[in-house]
Structures are given as C-alpha cells and as structure tokens.
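Hi everyone, thanks for making time this morning. I'd like to walk you through a structure that may be new to you, so let's put it up on the screen.

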Number of protein chains: 2
Amino acid sequence: MKPTQKHTIHDIAMRIGTSASTVSAALNGTWKARRIKEETAQRIIALAREMGYSVNLQARGLRTARSGLVGLILPEHSNRFFSDLSQSFTVEARARSQCPVIIATARKPEEELSTVRDLMGYSIDALFVAGAADPSQISDICRAAQLPHVFIDQPCPGAPSVITDNETGARQLTEAIIDTLAPHSPALEGTGREKVYLLGGDARLHASSRRIAGFQSAITAHFGKCDADQVIACGYEPEVAQTEIQALYARLGGLPAGLFANSINVFEEVLRFLSQRPEIELGAFSLGCFDYEPYGALLRLPVHMVRQRHLELVRTAWELLDKPGSTDLVTVPPELCLARPRRLPPEG
Amino acid sequence: MKPTQKHTIHDIAMRIGTSASTVSAALNGTWKARRIKEETAQRIIALAREMGYSVNLQARGLRTARSGLVGLILPEHSNRFFSDLSQSFTVEARARSQCPVIIATARKPEEELSTVRDLMGYSIDALFVAGAADPSQISDICRAAQLPHVFIDQPCPGAPSVITDNETGARQLTEAIIDTLAPHSPALEGTGREKVYLLGGDARLHASSRRIAGFQSAITAHFGKCDADQVIACGYEPEVAQTEIQALYARLGGLPAGLFANSINVFEEVLRFLSQRPEIELGAFSLGCFDYEPYGALLRLPVHMVRQRHLELVRTAWELLDKPGSTDLVTVPPELCLARPRRLPPEG
DNA sequence: TTAATATGCAACAACGATTGTGCAGGCGTT
DNA sequence: AACGCCTGCACAATCGTTGTTGCATATTAA
C-alpha cells in the first residue's frame, strides 16, 4: 500500500461521481445555498471523513484572499502579562475559528516590521499589536495594505487601541498602600521615611505618566501634598532600579513607609533588595506593584498588585475590529489584587 | 488615487516589460540558475522594492506544497517553562527563516487533535509538540500525513523526542539540598525531621519516575538508605500538595531537614505554606525545586532549582528533524541553579 | 559555411480550492 | 403544446507562484 497521500476535493468528486465544485460546497457548508441535494451533501461529507480529508487552507486562502490566520505581535513570551495575553488571544481566536499566530519580536523595530510583512504575506485577516517599539510605522503599513489592526496596552494615534486605565489603577494601588501603612510614628516625621515613594518607569511614556498622575492624586488626597522627590521615574532597567532603591534606603536611613513599584522588573529588584534586609525592617513597610506576579502572594510580606485584565483587553480589541471606526481609544480598568492582611507579627 | 492595491509579479512584469516567470525568478533568488541576465534581475528587484511588493506566501505555498510555517503545540502559555520554550522556538524558527506558529491547547486531547489538523491544513513544514495529553495519537496523524514532527520534554514511542535528563537533574538537586542541610541535631534523630522528603509528581509518569530514581539514589548514597515515606508522589494538584505538606508538618511536628518539590505547582504550595510559618523555623530548612522560577531567587529563603535548558531542547529537536531516523530519544542535562548561601542569620 | 552550444527569456501548465454561470430535465400553468 | 420556473448539478475561470519546456538569437567550434 502506498503511503497515505493527500486527498483533494477532486479525489472525492471522482469517487462519488460528482464534480469538484459540488464537493467543495458540501464540505464548506454552502451546499444549501448552492442547491445541492441534502443526500448528496451527506454522502460527500461521510466519504470525506472516512478518507480523512482536510481542506488545503492555502488553496482556500489564495482563492478567497483571506487565511483564517490572525497575528499577535508582542515583545517577548517570557513575561506574565504577555503570556497571559497570548493565552486569552488564543482562546478568543479559536472561539472565532481563527488560527492564532503569536510572534515575539524582542522590541526590535526591524524585526517588528519584517514580522508584519511576513504575516501580511500569509494574508492574515487581522493583526493585534502589543508593546511594539514603533507603533505608528506598523499602523502605517497595515493601513496601506488595508489590514485591520488594533493595538493593545499601547495607544497608537490614528489606530484603534485598547489600553488599561493606568491612572485609576495607580490611584487605587496607592490608596491600598496608604491603607496598610504602619501606624504613624512621630520619630520618623521629617526624615522622609514617613512618605510613600514611586519607583521606576519613564515619565515620557504614556503609561508611566498616567500612573504617576494617579499616584500623585492619591497621595495628595491623603497627605495634602506630594513632594517631587516621591516620584523616582528612573526607567525600567533593573540595574538602575537596584541602584535607586539602595540610594533611597541610604538617603532615608531605612525603608520608607511605603513603595509603589512601577513595573514588574522594578518590583523584582525591590524584592532582591528586601531579601537582604532583616525581617524586622519589613514589619512597617507597605509595598505595591503595578503589575501582577502570582509569586507576590507567596511572600512573607504583603504586597498589593495591579493586574491587567488580559481577557478583557483582548475581547475589547476584537470588538473594536468588528465595528470599525467606532472609537479609537478604549480603556479597561485593571484589577486590584490586594494582599491579605499581615498574619505574622514581626517577631516570630 | 485609489487605495494601495496588492501588487503581484504580473504587475511588475508588465511594468518592466517582461514575463511573470522572470520576475518570480528574479525575486526568489533562482534567477542565476534560470539564466536571467543580472541586469534584468536587478531592475526587477529594484522596482519590486519601490512598489513595496511582497510575495503572496499562500500562493507560493500552494505551488510548492510547503508554507514556511512551523508549528509548536503546548499546553499553556502562562507557565515559565513553556513560555521560555516559545521564546527559544521563535528565535530558532526565525534563524531558519521559518515562521513560528505556537498554539496552546489546554491539555485537551480533542483540541490537540483539531489543532494538529488545522496546522496540517496550512501545510506546516514541521510540528513540535511539548506536553501533549495524547502524544501517540498525534504522532500517528503526523506520520500518516508524512509530516516531520518531534516531541519535546516528553518521550513518544516511535517518534523522535528530546527530553531533559530528569534522573541526573534530580540527583544533583538532591545533592544540593543535602549540602545545605543544617548541622545535624541529635534531638531530631528518629523523629523523621532529620530526613529529606520529595513532594509531588506522579510515579507512573516517565518524568516523575526518573526524578524519584535520582532522588533516591542521592539520598541512599549519603544516608545509606531511603525510606519509602520520604517519597510523597501525590500528583500535581495544588490542593493535594497543600494538604500533604500540612500533613507532613503535623506528622513530624515541624519542618523536615529538607524538601524536594517535584514541580512548580508543588513549590508554589510549599511557599504558600511557608509564608505562614514564623521565619525562625526556616533557618534550618533546605529547599529545592525541580523547575525554575526566577522569583525563587528573591525569597528570603535560599532555594535550589533545576532549570530545563529550553534553548538546548529546541535546538536538539530541530537537529533531530534535520537528520531523520538518527536517534529516537535524546536527553539534555538540565541546569542546576544553586541558591546563594544564606546571608542573614536566623535572628535579625 | 554549417552545426553545435549557450544565452536570455516567454509561454504555459500546474497547485487545490471557490464561485459565477449555464444547462438539462422535471413540473406546473395557461 | 408552449412557456416559464425550480431543482440539482457541471463547467470553467480565477487566485499568485513556480518550474518545465521551448524558441529565438548569439556565440563558438569544425
């Protein structure tokens, strides 16, 4: 017996004694509209199943100028948020019987562009972009090719975008940090250790600037003011964050009352720093992170976190594609993951 | 001006005043072999670039019965190992100018199979499978369709597979745990608290059984014996693991000398449990995890970890595809990530 | 000078599906 | 009986590329 060959609708047509177009109609569900007798259609479907036939999607795509593929471009896989996004994207794509193609481009603009072009070569039906280095250029290319596209977690002027409500999230997180501050200690007054600080992020970026605004608003509402030194937007580099947290500790002569870590990387550095401090110091420290990491809940230190609603983001993005031109920028509120209250007294 | 249309090689041919086949040859690099004058080829290439032409990969794929797509099937994106794998897979695919298509199938056999069929519909050039619920059925389908495929981190009889050397990794991890045991305390002798335990995993599964063997071998080498109660292969369910760790703690009247967490889920439960214990108890506790999680290094407790070499696994898998029939099962040693020594004395 | 060989390209037939069009036969109507 | 309509399907064009074949010229060998 020959090795199993690939079957085509012509093979099926020959064996049923009908034409390829009839087989096509029977198999892709248009047989009713094409006035194929139900019995004929059923015979074809049965035989196709028996032969293990499956359509050649490239041929279909060539003919229809579509492909059933939807692309998602993101910077990296190895990151909670993006892998959560991949997960939701996959689920949603399959729910719409589309095939997800998720590609990480390492934040390199050239790679982003070449990936976009590649995907367009496959005639993808839509492109989702999360965290690109150069959004507008991508948007330009897509628009030129009339490819429906949408940005996630990143606003792109002129293109539909869905982003997290950073300001509200930051305000809520800050309030949570304030709520769990240790009882006021007069001894710290005026040392700077009685204040809450925000660490990390780049004030020039949209997301960071909104978060800073939310932080300042909550701080001002509670303390009546927010000093300039309370915002340390030192970027996203781990090394820099490590340096800054050490500098802050040295300057204050100890941990501050509370800290708002502006990204997961910064949070990681804060933990790294804290892991070297005696546990006793952590007793009066209130920590929050604008990002989500399940391990945060497993620490001995309560940590408040903000989690982006990845499923909501993806769903909203898809809706934006469905009704084009409706709104260009949609925000989705994040989820606040409050730490459970401290269960252990500072002293064993 | 009309909206930018898609260009084809015919458009280019017309504008240059040549034929489509010449354009095709010029653009896909076969022009030398097809005896096209260099100058003609260059003119075509220049015009194509100017027009922003890009090949229709579906048409090419239809013609050549290939697609440039390579598939990777995995259970979920939101898991360190799998997202690392995705990352490496992406890099390697692009290095071979293939387009990675990574699909998570939630460990559901039906979804795995339908995904495989879907991908085959796109004429993918190869399929990588990591952590499928039903490997042999997938392998059967691929073989029937003569689709090159390879399993990663999971052996499949009759199909090329590349897996981590679980036994060696487990032995090394156990040795590391033993090396960092607290000084022997005569008071604990005979209570069971002087022993090291393995928690989690399913002894019927290949990976777990090798790990258990490695654990037992290291324990026996050091202590002269390994009691049956030291291996608690209670599966991978978080709830069960939580129950078991609590039961062990209750039975022993405290933490054991050391613990080998057999998977990341179990490790998470162990941390959850530990986060409720006073820090003083952790001073004499030695912990290891057969899996990798960067946050493990940020804990106040030193944790040894075993990390699968995802890049190596992926590379090896690709090599297995390149020289078919060479070897069916290849193992790759994992990487041991030793915790740095404890820096803080148990007492602040 | 003639024949053989090389060069440079055009024509054309696939690849496997979709889809607009056409046509035969059966039926009902006037 | 002639006409139109409905049913059920076949035919053929088409999508954009690739690779085979063939056919002119141009060049060299004999």
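I'll begin with an annotated stretch of chain A, then go to the DNA, and end with two pockets. One thing to keep in mind throughout: this is a predicted model.

Let's start with the annotation. The UniProt record, an unreviewed entry, places "domain: HTH lacI-type" on residues 8-64 of chain A. In the model, that stretch is 68% helix and 0% strand, and its end C-alpha atoms sit 17 Å apart.

Now to DNA strand D. Which residues come closest to DNA strand D? They are Arg35(A) and Lys37(A) from one chain, with Ser24(B), Tyr53(B) and Arg63(B) from the other, out of 27 residues that surround the strand. On the DNA side, sugar and phosphate make up 51% of the strand D atoms that come within 4 Å of the protein.

Three contacts are nice to look at one by one. Ser24(B) has a side-chain N or O atom 2.4 Å from a phosphate oxygen of strand D. Ser21(A) instead points us to a base: one of its polar side-chain atoms is 2.9 Å from a base nitrogen of strand D. With Ala59(B), a backbone N or O atom lies 3.4 Å from a base nitrogen of that strand.

Which element gives the largest share of the surface near strand D? That is helix 4 of chain B, with 4 residues. By type, the residues of this surface split into 6 nonpolar, 13 polar and 8 charged.

On to the pockets. The largest pocket has a volume of about 1,700 Å³. It is lined by 43 residues, and the closest to its centre are Gly121(A), Tyr53(B), Ser54(B), Val55(B) and Asn56(B). You may recall Tyr53(B) from the list of residues closest to DNA strand D. Both chains supply helices to this lining, including helix 6 (109-121) of chain A and helix 3 (38-51) of chain B. The lining holds 19 nonpolar, 16 polar and 8 charged residues.

The second largest pocket contains about 1,200 Å³ of space. Nearest its centre, among 40 lining residues, are Asn79(A), Phe82(A), Arg107(A), Tyr236(A) and Asn265(A). Among the elements giving two or more residues to this lining are helix 5 (80-95) of chain A and helix 5 (80-95) of chain B. Here the lining divides into 15 nonpolar, 11 polar and 14 charged residues.

That's the tour, and thanks for listening!

Conventions: Residues numbered from 1 in each chain as written. Chains lettered and ligands numbered in written order. Predicted model: local features only at pLDDT ≥ 70, side-chain atom pairs only at ≥ 80, totals over all residues. Heavy atoms only, no water. 1 Å grid on protein atoms, 1.4 Å probe; cavity = no way out; pocket = protein on both sides within 12 Å on 5 of 7 lines; lining within 4 Å. Points joined across faces, edges and corners; volume = space filled by probe spheres on them. Nonpolar A, V, L, I, M, F, W, Y, C, P; charged D, E, K, R; others polar. UniProt positions renumbered as here; feature names shortened; annotations may be inferred. Near = heavy atom within 4 Å. Polar contact = N/O pair within 3.5 Å; in protein donor to acceptor, adjacent residues only side chain to side chain.
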